Amino acid sequence: MRYLSTRQARDAGGHRAASFEDILIAGLARDGGLFVPERWPRLSAEGIQELAGLDYPALAARVLEPFVADDIERAALEGMAREAYAQFDHAAVAPLVQLGPNRWLLELFHGPTLAFKDFALQLLGRFFDHVLARRGERLTIVGATSGDTGSAAIEACRDRDSLSIVILHPKGRISEVQRRQMTTVRAANVHNLAIDGTFDDCQALVKAMFNDLAFRDELKLGAVNSINWARVVAQSAYYVYAAVALGAPARAVAFAVPTGNFGDVYAGYVASRLGLPIKRLLVATNPNDILARFLASGEYRKDTVRSSLSPSMDIQVASNFERLIFELCGRDGAAVGALMGRLQAEGGFALAAEQLAEARALFAGHRVDDEQTLATIAALHRATGRLIDPHTATGVAAAAACWDDPAVPMICLATAHPAKFPDAVERATGVRPTLPPRLADLMAREEHFSVLPNELGAVQAFVCARAAAASGGTGQRAGQPAGKRVA
Ligand SMILES: *Cc1c(COP(=O)(O)O)cnc(C)c1O
């Protein structure tokens, strides 16, 4: 499979198509677009049928195979999937739980950091290692996090020979559980930086490092944010897994997806393009409802970011949405580029009626505010004794508001473990969720991170010193890492 950029002009021709290996390392296309497959592979009904009964790693390898086959051979792919999902502490990896008649919860929080991002990142870390080892190269992964991505990325990259990872988080502005999941990891190639600033400041620092091309090339910077195609496609596997368990291809299913950057729900779209019978993808948003507004009106317009009880969805511009726009524009990269230019310059754009109709054939949107989120957590707890996290609750609430087709099972994605967001859960139910055994002593573990001001020069010096140490350059001691070390 070769890949195109969503902003690539149609007449650019096949010579600009990139391999899976290239787009894995590059992350973002040089023209600012996102990578998408040149064509959609298709699973026949019999092909889907054959997936029934496979265990999760085997099924994931089968779903991924057409996307990576030129670069990673089948046995290696399945081996990496086995290792990745062996890190999960539920035998089913992604267990389905029945909530009520035709209502299901797909638990995606049994990975090392208790959120669905482990599904993609555990595999991504292994893909990186596999490809880099073959090329004899190293990468320094740099990223900013407001919560779940940072810890999932650190767990995925820890102790990997070909990678160093530096994660920036806004000092004092992420939850204690989230911070400790990053800062208590003891691995020589993991470096946490607390920045005196906001999440936006952290993101701006990361962006500035990538835009400093000399710095970027010298240090071989890599990214693991959700625009990486490998992350998206790895997530498509659990849509297939759940649908097949509930009777696909003979029976169609629907999904409710707590949404921020549109990565997870777009993975559902990929599953649908593969041939999985998906009747509806319900995009659940919190008050940051740009996608729900788009699906209601056809207008995609930025608003200011509001903080909510579901912080991993506090996003206004949903990066992966560009991939859907590309399809709605008939895969015309020039048209996508023009729309993205207007988003930048004018804060938004509107699509034509037929484009909106095409989106609505599969997607529907629903906005859930904090009060409804708490009420949903409380109601489900009363009815079933089960605790859900506030992100998951937005999906469950959207499903309750928008879905009543008795012939089509509705699968709500449980994107995080309730113990990751204990304050909101306790506020809703009076019950404080406990961390699973593997993280039970998290609050007692020793933390390691450095604190730096919101200054590009200081952050670059830090990244430089750590990357040099990792590649056997100046060495960790001699490299004099900037910033003080906090134990
Ligand atoms: C990242 C995240 C989301 C949002 O997923 P997107 O792919 O950004 O739409 C939802 N819930 C949780 C718990 C998350 O960590």
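Between domain 1 and domain 2 of this predicted model, 10 residue pairs are in polar contact, both partners being at pLDDT 80 or more. On the side of domain 1 that touches domain 2, helix 10, residues 229-245, gives the most, with six residues. By class, that side of domain 1 has 10 nonpolar, seven polar and three charged residues.

The count of salt bridges between the two domains is one. K420 forms a salt bridge with D148, and the closest N and O atoms of the pair are 3.0 Å apart.

**The two domains and their interface**

The domain assignment splits the protein chain into two parts, each written as two segments. Domain 1 takes residues 91-113 and 230-429, while domain 2 takes residues 118-228 and 444-486. Taken over C-alpha atoms, the centres of domain 1 and domain 2 are separated by 28 Å.

How many residues of each domain are in contact with the other? In domain 1 there are 20 such residues, and they are in contact with 22 residues of domain 2.

The size of an interface is often given as the accessible area lost when the parts come together. For domain 1 and domain 2, the buried area is about 1800 Å², and carbon and sulfur atoms give 57% of it. Which three residues supply more than any other three of the area that domain 1 buries against domain 2? They are T113, R231 and K420, which supply 41% of that area.

**The chain as a whole**

The protein chain has 19 helices and 17 strands. Its radius of gyration is 21 Å, close to the 23 Å that the globule rule gives for 487 residues, so the chain is as compact as a globular protein of that length. Along the principal axes, the C-alpha atoms fill a box of roughly 65 × 60 × 50 Å.

**Backbone features in loops**

Two residues other than glycine with a positive phi value are listed below, each with its place in the chain.

| Residue | Phi | Loop |
|---|---|---|
| N102 | near 60 degrees | between strand 4 (96-100) and strand 5 (103-107) |
| F262 | near 70 degrees | between strand 10 and helix 11 (263-274) |

A further backbone feature is a cis peptide bond. Where does P249 lie? P249 is in the loop between helix 10 and strand 10, the strand being residues 253-258. The cis bond joins A248 and P249, with omega at about 10 degrees.

Helix 10 thus appears in two places in this account: helix 10 gives six residues to the side of domain 1 that touches domain 2, and the loop with P249 lies between helix 10 and strand 10. Strand 10 is also one end of the loop that holds F262, with helix 11 at the other end.

Conventions. Residues numbered from 1 in each chain as written. Predicted model: local features only at pLDDT ≥ 70, side-chain atom pairs only at ≥ 80, totals over all residues. Heavy atoms only, no water. Domains from an automatic or database assignment. Contact = heavy atoms within 4.5 Å. Buried area = accessible area lost by both parts, 1.4 Å probe. Salt bridge = Lys/Arg side-chain N within 4 Å of Asp/Glu carboxyl O. Polar contact = N/O pair within 3.5 Å; in protein donor to acceptor, adjacent residues only side chain to side chain. Helix = DSSP H or I, 4+ residues; strand = E, 2+ residues; numbered from the N terminus. Nonpolar A, V, L, I, M, F, W, Y, C, P; charged D, E, K, R; others polar. Rg over C-alpha atoms; globule rule 2.2 N^0.38 Å.
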